[in-house]
Amino acid sequence: MTTLTITKAKRLAAEIIHGTSVKSKVKETVKVAYIQTINGTSDDKALVALWEICATDKPTLAVIRSIFNRVTKAVHKELDMDKPAMCVKDGQLVEVQKRGGKGGGAEGGEGGEGEHTLNDKGEAVPVLTEDTARYKAAFETLIRMAKKEKDAAKAEALSVAMNLLAAKI
């Protein structure tokens, strides 16, 4: 555990200020790009690329998902569009799906994908499909490989592969 000193506090505060500034720029850029996409003056490739690059890191994916949710909902409200927030799925800009199940698109995050069943405790758990089972087995293999890997570049490649695969599980 590190001790917080005045010097460290100043450095951390500067990083938070910088992070907040970057987040504001990203929000504005996403808003402008999304409006251009709606108007047909630009395609959604840059928005999809931004999402997919951020998706390689789970905490960053959560941040970009939050930005897309807030910004796209606000744009829809400004333009008087009855439409849920947007996210990226399978390389496409799509409406978020209602939490708790597939279908309809309503307010909320992009969670709730796939079918669920109740376990013996009455808790909702995802139904294990053949694809999910294959992905989990592959993920476990990648974890074992990453633990043994000495080469930094190969370890990083395995880490990226695991992050991408984790999104499918």
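This is a short talk on the nonpolar core of this structure and how helix α2 sits against the rest.

One caution before the details: the model is predicted.

Let's start with the core. The largest nonpolar core holds 20 residues. Which of them touch the most other members? Leu47, Trp51, Ile64, Phe68 and Leu93 do. Now the elements behind it. At least two residues each come from α1 (6-39), α2 (45-54), α3 (58-78) and β1 (86-89). The most come from α3, which gives 6. As a general point, nonpolar side chains in soluble globular proteins tend to be buried together.

Take Leu93 next. Set aside its neighbours within four places in sequence. What is Leu93 then in contact with? From the earlier part of the chain, the partners include Tyr34, Asp44, Leu47, Val48 and Phe68. Then there are Met86, Cys87 and Val88. Of these partners, Cys87 is buried, at 3% relative accessibility.

On to α2. Its buried residues include Leu47, Val48, Trp51 and Cys54. Why do these four sit on the same side of the helix? Because they cover an arc of only 135 degrees around the axis. Turn the helix over. The face away from the buried side carries exposed residues: Lys45, Ala46 and Ile53. Note Ile53 there, exposed, right beside Cys54 in the sequence, which is buried.

What covers the buried residues of α2? The cover includes α1 and α3. It also includes β1 and β2 (92-95).

Now the aromatics. How many aromatic pairs are there in the whole structure? The search finds 1. The partners are Trp51 and Phe68, and the geometry is edge-to-face. The ring centres are 5.0 Å apart, with 80 degrees between the planes. This pair links distant parts of the chain. Trp51 is in helix α2, Phe68 is in helix α3, and 17 residues separate them. Are these two residues buried or exposed? Trp51 is buried, with a relative accessible area of 4%. Phe68 is buried too, at 0%. Both are also among the core residues that touch the most other members.

Last, the cysteines. How many disulfides does a search of the whole structure find? The count is 0. Cys54 has a relative accessible area of 14%, and it counts as buried because the cut-off is under 20%. Cys87, at 3%, is buried as well.

To close, keep two residues in view. Trp51 lies in α2 and Phe68 in α3, and they form the edge-to-face pair.

Definitions and conventions:
Residues numbered from 1 in each chain as written. Predicted model: local features only at pLDDT ≥ 70, side-chain atom pairs only at ≥ 80, totals over all residues. Heavy atoms only, no water. Core = buried A, V, L, I, M, F, W, Y, C linked by side-chain atoms within 4.5 Å. Buried < 20%, exposed > 50% of the residue type's maximum accessible area, 1.4 Å probe, protein only. Contact = heavy atoms within 4.5 Å. Arc of directions from axis to C-beta. Disulfide = S-S within 2.5 Å. Phe/Tyr/Trp six-rings, centres within 6.5 Å; stacked < 30°, edge-to-face > 60°.
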